[in-house]
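Student: Could you take me through one part of this model up close? I'd like to hear how the pieces around it fit together.

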Amino acid sequence: MNELRLAWEALSYGGAMVYPLLLLGALALVIMLDRAVAYWRCLRLPEEVGGLIETYGFAWKDLDREIEQLGPRNAYGRFLGVISSNRDHPAWWVESRAGDEAGRIEKTMSRGLWILETVVTAAPLMGLLGTITGMMQAFQVIGGSGLVAPTRVTSGVAQALISTALGLLIALIALFGFNFFSRAQSQALDHMERLGSKLADHIRLDQESGGVRSVHPVHEAGKDRMAL
C-alpha cells in the first residue's frame, strides 16, 4: 500500500494531463481484457475437428456433431456451420456464404481494437502536451521572480516529464495488446480459410460423384457455371 501511495503522489506531480492519460490506460486495459476473454471463447478449435476435416471422405454428420459441440459463439463453429448447412448447394454458393460469414466474424473479433489503436497514437501526444504545459509553468518561475532557483526549475521539469513517461508507457502497453490481438485474428481467419477450402473441395467431390441429394432450382445456373 505504501508503494501505491508513493506512486500516486509521483503521478499527481504530472499535472492535470495525468488524469485523462490514466483514463486512456484504464480503457486500454478493459479492451484488452474483453478481447482476451472473447478470443479465448471464440477461437478454440479441438484437434479432433481439424483432423476430421483433413480426413478424406469424412461423413458430414460427424462434422455436424462436432460443430454442435463447439456452440453458437465459437467462430469456427459459425464458419463451419455455414458451410455444412449449405453443402447441398453449388460450391461457388457455399464459398460465397462462407466469405460473408468470415466477414461478420472478422467484424466481431475487431470490436474495440480501433480504440487500442487510438490509444497508441493519442497517449504519447497527450503526454507531450502535459510536458509542454509543465515546462511553461516551470519557466514562469524564472520569469516571475526574476531569480533563478535551480531546485524549483529542475523540480518543475522533472514533474513535467512524468506525463510524457506515463503516455509512452500506456502507448506501449496498448501497442503490444493491439499487435497481439491483430495477429491472433489474422491467424484465425487464415486457418478458417484453409478449412473452408478443404470443405469446398469435399463438396465438389460429392457433387462429381453424384452425392448431391437436392439442389435448389435458383442455383442451377451457378451449378452449370461451375461445371464449365
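**A look at the core and what sits around it**

Tutor: Let's start in the largest nonpolar core, which has 48 residues; L43, L63 and L116 are the ones that touch the most other members. Seven helices chip in at least two residues each: α2 (18-42), α3 (47-54), α4 (60-70), α5, α6 (91-109), α7 (113-145) and α8. The largest share, 13 residues, is from α8. Keep in mind that this is a predicted model.

Now zoom in on L43. Leaving out residues up to four places away in sequence, L43 touches A75, Y76, M109, A184, A188 and M192. Take A184 from that list: it belongs to helix α8, which runs over residues 150-208. With the same neighbours left out, A184 touches Y39 as well as L43. M109 is another partner of L43, and although A184 and M109 are 75 residues apart along the chain, their C-alpha atoms are separated by 9.6 Å.

Two other partners of L43, A75 and Y76, take us to α5. This helix covers residues 75-85, and eight of its 11 residues are buried. A75 and Y76 are both among those buried residues, along with G77, F79, L80, V82, I83 and S84. Y76 also has a part in how the helix begins: N74 caps the N-terminal end of α5, with a side-chain oxygen 2.8 Å from the backbone nitrogen of Y76. So much burial of nonpolar side chains fits a general habit: in soluble globular proteins, they tend to be buried together.

Definitions and conventions:
Residues numbered from 1 in each chain as written. Predicted model: local features only at pLDDT ≥ 70, side-chain atom pairs only at ≥ 80, totals over all residues. Heavy atoms only, no water. Buried < 20%, exposed > 50% of the residue type's maximum accessible area, 1.4 Å probe, protein only. Helix = DSSP H or I, 4+ residues; strand = E, 2+ residues; numbered from the N terminus. Polar contact = N/O pair within 3.5 Å; in protein donor to acceptor, adjacent residues only side chain to side chain. Contact = heavy atoms within 4.5 Å. Core = buried A, V, L, I, M, F, W, Y, C linked by side-chain atoms within 4.5 Å.
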